[in-house]
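Q: Please take a close look at the ligand site in this model. I would like one connected account of the surroundings of the ligand.

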Amino acid sequence: MAQIRLDKFISERTEYSRSQIKELAAKGKITVDGTAVKRSDTKIDSDTAAVNVCGQELKSSRYRYILLNKPQGYVCSTDDKDGETVLKLIPQEMRTKGMFPAGRLDKDSTGALLITDDGELAHQILSPRRKITKIYIVKLARPFENNYINKFAEGIKLADGETCLPARVKSAENSDKLAMIEICEGKYHQVKRMFAAVGNHVERLARVSLGALILPEKLAIGECMELLHKDVENLFKPQDFDLFYSQFFPVFSANLINNYL
Ligand code: URA
């Protein structure tokens, strides 16, 4: 039984602030197990309570969702036969038994990685049908060529004959060896193989967003944080590529250079 304040439970799952929740509760707009609860500091059992806000049922989830800023040198696996696993980076108090990485980043890649014990959610994230967009920053061995933009948009044919879904790509304004790419599938070594298919080579790769969930700037490489339910929902929302390019690309690309060169 996990006792938690009602306002904490609601603010972790919605955009309501604590003061808004207090007001809604006072107005009788919040029910727990079918009964209006007028005080937002009331303790509830987060595992079992059926909480309803303005007619909307909120999920009481027992799963944990961790966002890791993966460093180089760790494998996305639960089995350490191929090297140290990313699970080693999760502090004991955040770890649960069935946790695994919901997605793959290569051993030498860095950035946003979701680790969870929610198999159903992981399945949805990994499902090709959901087409969750992912944005990567890459450092290239050779200058970016503008013809990549159309080639990636048309669907790159990989060396093994497989064709990728249309992807967006753009180079940095201040460096022709830095680029940002958005893909919505997860083939093996996909980004590296896409650039290889146009005659280039990826030297560094960092994933900086999963859907609309952006890797927080304050999350240093090797650190992790627990995600709130509303953050998890962001995984399934689209990211605005052009907005991301202008707002975040300069910072993320500077980090990529500073951390690894
Ligand atoms: N594409 C790659 O090539 N490597 C990664 O780690 C992720 C996407």
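How many nonpolar, polar and charged residues does the shell around the ligand have?

A: The model is a predicted one, and what follows should be read with that in mind. By class, four residues of the shell around the ligand are nonpolar, three are polar and two are charged. The residues that surround the ligand are Leu105, Asp106, Ser109, Tyr136, His189, Gln190, Val191, Lys192 and Leu205. Helix α5, which spans residues 190–197, gives the largest share of this shell, with three residues.

Polar contacts to the ligand involve both side-chain and backbone atoms of the protein. On the side-chain part, an N or O atom of serine 109 is 2.7 Å from an oxygen atom of the ligand. On the backbone part, valine 191 places an N or O atom 3.1 Å from a nitrogen atom of the ligand. Lysine 192 also takes part through the backbone, where an N or O atom is 3.0 Å from an oxygen atom of the ligand. The ligand would expose 240 Å² if taken alone, and the protein buries 96% of that area. As for its location, the ligand sits in the largest pocket.

For the wider setting, the chain is divided into domain 1, residues 3–58, and domain 2, residues 65–260. Between the C-alpha centres of domain 1 and domain 2 there are 35 Å.

Conventions: Residues are numbered from 1 along each chain as its sequence is written. This is a predicted model: local features need pLDDT of at least 70, side-chain atom pairs count only at pLDDT 80 or more; totals for chains, interfaces and linings use all residues. Side-chain values use heavy atoms; hydrogens and water are left out. A residue is near a molecule or strand if one of its heavy atoms lies within 4 Å of it. A polar contact is a pair of N or O atoms within 3.5 Å; within protein, one must be able to donate a hydrogen and the other to accept it, and residues adjacent in sequence count only if both atoms are side-chain atoms. Accessible areas come from the Shrake-Rupley method with a 1.4 Å probe; for residues, only the protein chains shown count as cover. On a 1 Å grid over the protein atoms alone, a cavity is a set of points where a 1.4 Å probe fits but cannot get out, and a pocket is an open set with protein on both sides within 12 Å along at least five of seven lines; lining residues have an atom within 4 Å of a point. A molecule sits in a cavity or pocket if more than half of its atoms lie within 2 Å of its grid points. Helices (H or I, at least four residues) and strands (E, at least two) are DSSP runs, numbered from the N terminus. Ala, Val, Leu, Ile, Met, Phe, Trp, Tyr, Cys and Pro count as nonpolar, Asp, Glu, Lys and Arg as charged, and the others, Gly among them, as polar. Domain bounds come from an automatic or database domain assignment.
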